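Trainee: I am new to this one and would love a close look at a single part. Could you walk me through it slowly?

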Amino acid sequence: MTVLLPFVINSGLNFALGLLIAHFLGPAEFGRYAIGAALIVLLNTALLDWIRLSAVRFYSLKTRETQPEIRATLDVLAAGMTIALSGLLVAAFVVGIDFKLPAMLVAASVAGGICAGLFDYHGAIARARFLDAAYARLIIVKNVLALLLMVGGAWWMRDATVVMFGGVISVMAALLAVRRQLADRPLAWSAARRDLAWSFAVYAVPLVGANAIYSLIPLINRTLLADAHGFAEAGYFSLAADMGLRLFGTLGATLEIVLLREILRLDETKGRRAAQKRIAANLVIVLMVALPVALGLFLVLPAFEKLLVPANFHGHFSAYMVQLLPGFLALTIFVAGLYPVFLLGKRTSMATLAAAFGLAVNLVFVFGAEALLGPERFAIGQAMGLVVVLFITGWAALRALPVWPSGRDIALTLVALAAMAACVWPLSGRFSPALELLLQGALGVLVYGGLVLAFDIARCRTLLKLWLVTRKMRRAAAGARIEG
């Protein structure tokens with residue numbers, strides 16, 4: 001599917017983006033940039049993400065034709081929040097509010113939060129209408145321009161605020177590139193309905209509360225870490241956190257994109273039980289993809305750090321990444337595998353409760369382990385908070401499903417992972433970083449992929465055979481038409 005192309009490009013460019021920005025800014029300035037980036041995420045999540053969530057749940061090809069007022073209301077809400085946030089920023093500067101941050105950094109954070117919210121909203125519209133080409137263009141334009149403008153700003157100015165404004169410009173250009181394809185009707189304030197806006201808020205605000213808490217955790221940790229140990233230490237921590245969140249966040253979001261729309265389609269056409277059975281089956285797919293990515297990153301981390309991470313981050317990057325890795329894996333499983341349960345059942349309060357517990361666990365580590373642990377307590381606290389979220393939401397989700405994921409497939413996945421680790425681990429430290437990374441990656445894919453097919457996990461081998469047979473039949477039919 002075309003929708004998979006943005007994942008490959010997005011993950012690769014985001015990795016390059018973060019590493020290059022860190023290389024040119026250095027640890028201390030990158031620490032400032034990371035705090036600004038966390039502010040962007042918090043603003044987007046707390047104030048704009050509820051519109052995207054409403055679009056995912058209520059907007060579809062069917063409602064586009066039968067209920068055009070849904071899109072009109074969503075568009076008016078997005079425009080209204082943009083105007084309101086811009087006005088509040090101007091008013092804050094006029095009255096002289098002290099944010100304890102440079103004014104331009106605050107302005108870049110607000111502009112970045114607005115652009116991030118509009119970007120996510122339009123991405124949801126593209127996916128709802130199955131406009132895979134437009135979604136791919138949105139992702140590609142944004143990431144290519146971000147790579148040029150943000151990295152160029154870091155190289156030229158060595159200033160975090162300049163880098164953030166480069167990101168703002170890249171998002172604006174991407175939105176302009178797909179404006180016509182994603183438009184339904186011209187924006188009309190009179191076409192919006194207050195009752196729909198209220199129903200969107202009732203549905204999405206509890207889930208936004210959970211997501212806001214998740215985005216608050218990195219901001220708290222980076223700010224407190226910079227205050228306690230300096231911006232350079234915050235930069236070390238933030239590079240590992242950003243790289244992990246970009247990889248696993250993109251992985252989880254892409255799995256959600258691919259798997260969720262079939263769930264929603266089943267819910268509309270065959271009923272809730274069929275959709276819930278699909279969620280249980282999809283959990284196996286999520287584990288089958290997420291677990292080897294996490295284990296693989298752990299296995300290749302020494303070679304990856306030597307080859308790709310800026311030299312002044314060496315040692316710190318791998319140490320923080322190992323501590324953060326369980327949290328990244330838990331986040332991916334929740335987003336791609338468990339979130340659809342609460343989406344369908346509209347039980348978003350459970351997500352908020354789990355997020356609150358996760359924040360509490362994080363704060364316990366940050367403040368309670370201060371005498372025992374140094375800067376690493378921030379990474380451990382963040383990871384353990386996300387693991388607690390996974391356990392709480394997993395317990396609630398599995399109780400709600402009519403069937404459980406296949407125990408056989410999960411067990412065989414663990415066997416394949418063990419075999420992959422046994423083959424890849426001995427290669428560590430034996431070759432130059434580039435050759436080692438290449439050999440470990442290739443061998444890991446061959447061993448794990450081969451066992452997945454051999455065990456027919458999630459019916460991968462069966463589906464592959466069916467696809468090959470179908471393709472052969474199509475070619476034969478095409479050849480017969482040409483001869484005829």
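In which kind of crossing, left-handed or right-handed, does helix 9 pass helix 10?

Mentor: Happy to help! Keep in mind that this is a predicted model. Helix 9 passes helix 10 in a right-handed crossing. To find the two elements, look at residues 194–229 for helix 9 and residues 231–269 for helix 10. Their axes come within 7 Å and cross at roughly 150°. Angles over 145 degrees count as roughly antiparallel, so helix 9 is roughly antiparallel to helix 10.

Now for the residues that meet there. Helix 9 brings Asn221, Arg222, Leu225, Ala226 and His229. From helix 10 come Phe231, Glu233, Ala234, Phe237, Ser238, Ala241 and Asp242. By character, the residues of this contact divide into six nonpolar, three polar and three charged.

While you have the model open, the aromatic rings deserve a look too. The structure holds ten aromatic pairs. One of them joins phenylalanine 30 and tyrosine 33, with 5.6 Å from centre to centre and 40° between the planes, which makes it a tilted pair. Both residues sit in helix 1 (residues 4–47), and because they are three residues apart, about one helical turn separates them. Phenylalanine 30 counts as buried, at 1% relative accessibility. Tyrosine 33 counts as buried as well, at 4%. Finally, follow the ring pairs outward: they link Phe30, Tyr33, Tyr236 and Phe313 into a cluster.

Technical notes
Residues numbered from 1 in each chain as written. Predicted model: local features only at pLDDT ≥ 70, side-chain atom pairs only at ≥ 80, totals over all residues. Heavy atoms only, no water. Axes fitted to C-alpha atoms, helices over the stretch in contact; angles between N-to-C directions. Helix = DSSP H or I, 4+ residues; strand = E, 2+ residues; numbered from the N terminus. Parallel < 35°, antiparallel > 145°, perpendicular 65-115°, else oblique. Left-handed = near helix turned anticlockwise from the far one by under 90°. Contact = heavy atoms within 4.5 Å. Nonpolar A, V, L, I, M, F, W, Y, C, P; charged D, E, K, R; others polar. Phe/Tyr/Trp six-rings, centres within 6.5 Å; stacked < 30°, edge-to-face > 60°. Buried < 20%, exposed > 50% of the residue type's maximum accessible area, 1.4 Å probe, protein only.
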